[in-house]
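Work through the exercises below with the sequence and the structure at hand. Each task is followed by a solution in steps.

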Amino acid sequence: MNNPKDAVERTVSRRGFLRSTALASLSVAASGTLLSACGGGSSGGPAGGGGNGKATGAVTWASWVATPGEVGLLKKFSSDYQDKTDVKTTYQTVTGDYLAKMLTQLQGGKAPDAFYADPSWLNKFVDTKQVVDLEPYLSSPDAPVKFTDFFPGLVAWAKGADGKGVYGLPVDCNPSVFWFNKKLLSAAGVTQDPAAAFEAGAWNLDAVTDLLAKVKASGKRGMVFEASWGQLFSWVTSLGGTAFDDAGKAVFDTDPKAQRAIEWLFDQMRAGTIVYGGSLPKGQGVDALFYGGQLATVPGYGRWLLPNLKKLGGSVEYDIAPYPSEDGKTVMPVAVYTAAMAVNAKASSKEAAEAFAGYFVSPDGVRARLAGGGNAVPVLSGLEEIVTENNDPPHGKWFLEIAKNGYALPNVMARNAKKNTDFPLVMDTLLKSKAESPKSFSTKLANLLNG
């Protein structure tokens, strides 16, 4: 395919994705809640119908969480929603193995009325008819958001495998951006940081290669590459390669530009300018290294880093840029992590649950949940003030542009939980073996997906 935006089919916080591939979704930070948006506001009550008496009863809803601070924020959202709608609203925190617990609850008829769903296993709930088709609700005048409002590259997984129906409302997203520590780069002799280079039309592969070499010479780590679909495919597509063809077949093992990108990654790991994450000593997480001023760049991470960076009190002078591109000035398609809110097919009040889910992802719901900042990005145009709030980071405006141009979890992985689970495990084994060439590495991963 010629358009790299389509190179990976139409998707979540690293906390979820890297800890468990089943939870490749974005989370809510202690200093803010999940962000989402839609094009257009709600003209009716705050529940898109719940405020005018059409949705009554009670709603229980659940999500996974990453920090204790999230619980209080989400409980407050529920309380405020209840006050506005008179719909009794209860938030449930699901800790531990979210998927296993949700499956057990659904099978036992005790699941919440609405709950977070991940791209890699929503299809399982659809196949077993455990979630509601929300398309009729979205077509109704009560809905404060339409499915067509969301960025098209991020939502195909929320539809049925046949492309019909809508079984999840995209909550928000986290695009893969290029975080960097300005102080470390300056100390290493990098005269033009990634943001400045991008604005000058010079943020290309030569620029990032030079940056990494200088950081290594300074005695600091330049970059860590991790075993994930998002990191691998983002480098492929940002540099003009194709990961998947129009039929959804993995072609990054044969596409020339994709191979050049992967060869570059291997060259940098051999040179020591990029460190493989699986080889880091136990306890040395990528985000912790960045927070501690020991890592100069963190490509592939989303806005979820922001709350913790704010807490550092300026010890890390950070900013973001898009991934490097061939021409040095284009925001290319890269991986975007996202999640959705689904409605239980056995909800005590389907109408109330749909109204809650609709409000949750509506512009009004976004504003109600932000509470002074958050760690995610809207899933559609508008609400730019969310990502530019307090000019933090300085180039936060790029979060939304990168999200708009991005793509979600590839359909071959979204529709096959085993492939989704196996992919990073096989990728890790191959990278640790030291015996793989870029070509054999790519071929084995492509065969896994195409098999």
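A crossing of two helices is left-handed if the near helix is turned anticlockwise from the far one by less than a right angle, and right-handed if clockwise. The model used here is predicted.

**Exercise 1.** Describe how helix α10 and helix α19 cross.

Solution.
1. Helix α10 covers residues 256-271 and helix α19 covers residues 438-450; their axes come within 9 Å and cross at roughly 120°.
2. Angles of 65 to 115 degrees count as roughly perpendicular and those over 145 as roughly antiparallel. The angle of roughly 120° therefore makes α10 oblique to α19.
3. The hand of the crossing of α10 and α19 is right-handed.

**Exercise 2.** Which residues of α10 meet which residues of α19?

Solution.
1. From α10 come Gln-259, Ile-262, Glu-263 and Phe-266.
2. Their counterparts in α19 are Pro-438, Lys-439, Phe-441 and Ser-442.
3. Sorted by type, the residues of this contact are four nonpolar, two polar and two charged.

**Exercise 3.** Examine the salt bridge between Lys-214 and Asp-210 and place both residues in their helix.

Solution.
1. The closest N and O atoms of Lys-214 and Asp-210 are 3.2 Å apart, and the cut-off for a salt bridge is 4 Å.
2. Both residues belong to helix α8 (residues 205-217), where they lie four residues apart, about one turn of the helix.
3. Lys-214 has a relative accessible area of 29% and is partly exposed; Asp-210, at 38%, is also partly exposed.

**Exercise 4.** How many salt bridges does the model have by this rule?

Solution. The count comes to 10, including the one between Asp-428 and Lys-432 at 3.3 Å, N to O.

Notes
Residues are numbered from 1 along each chain as its sequence is written. This is a predicted model: local features need pLDDT of at least 70, side-chain atom pairs count only at pLDDT 80 or more; totals for chains, interfaces and linings use all residues. Side-chain values use heavy atoms; hydrogens and water are left out. Axes are lines fitted to C-alpha atoms, for helices over the stretch in contact, and angles run from 0 to 180 degrees between N-to-C directions. Helices (H or I, at least four residues) and strands (E, at least two) are DSSP runs, numbered from the N terminus. Angles under 35 degrees count as roughly parallel, over 145 as roughly antiparallel, 65 to 115 as roughly perpendicular and the rest as oblique. Contact means heavy atoms within 4.5 Å. Ala, Val, Leu, Ile, Met, Phe, Trp, Tyr, Cys and Pro count as nonpolar, Asp, Glu, Lys and Arg as charged, and the others, Gly among them, as polar. A salt bridge is a side-chain nitrogen of Lys or Arg within 4 Å of a carboxyl oxygen of Asp or Glu. Buried means under 20% relative accessible area, exposed over 50%, partly exposed in between (1.4 Å probe, protein chains only).
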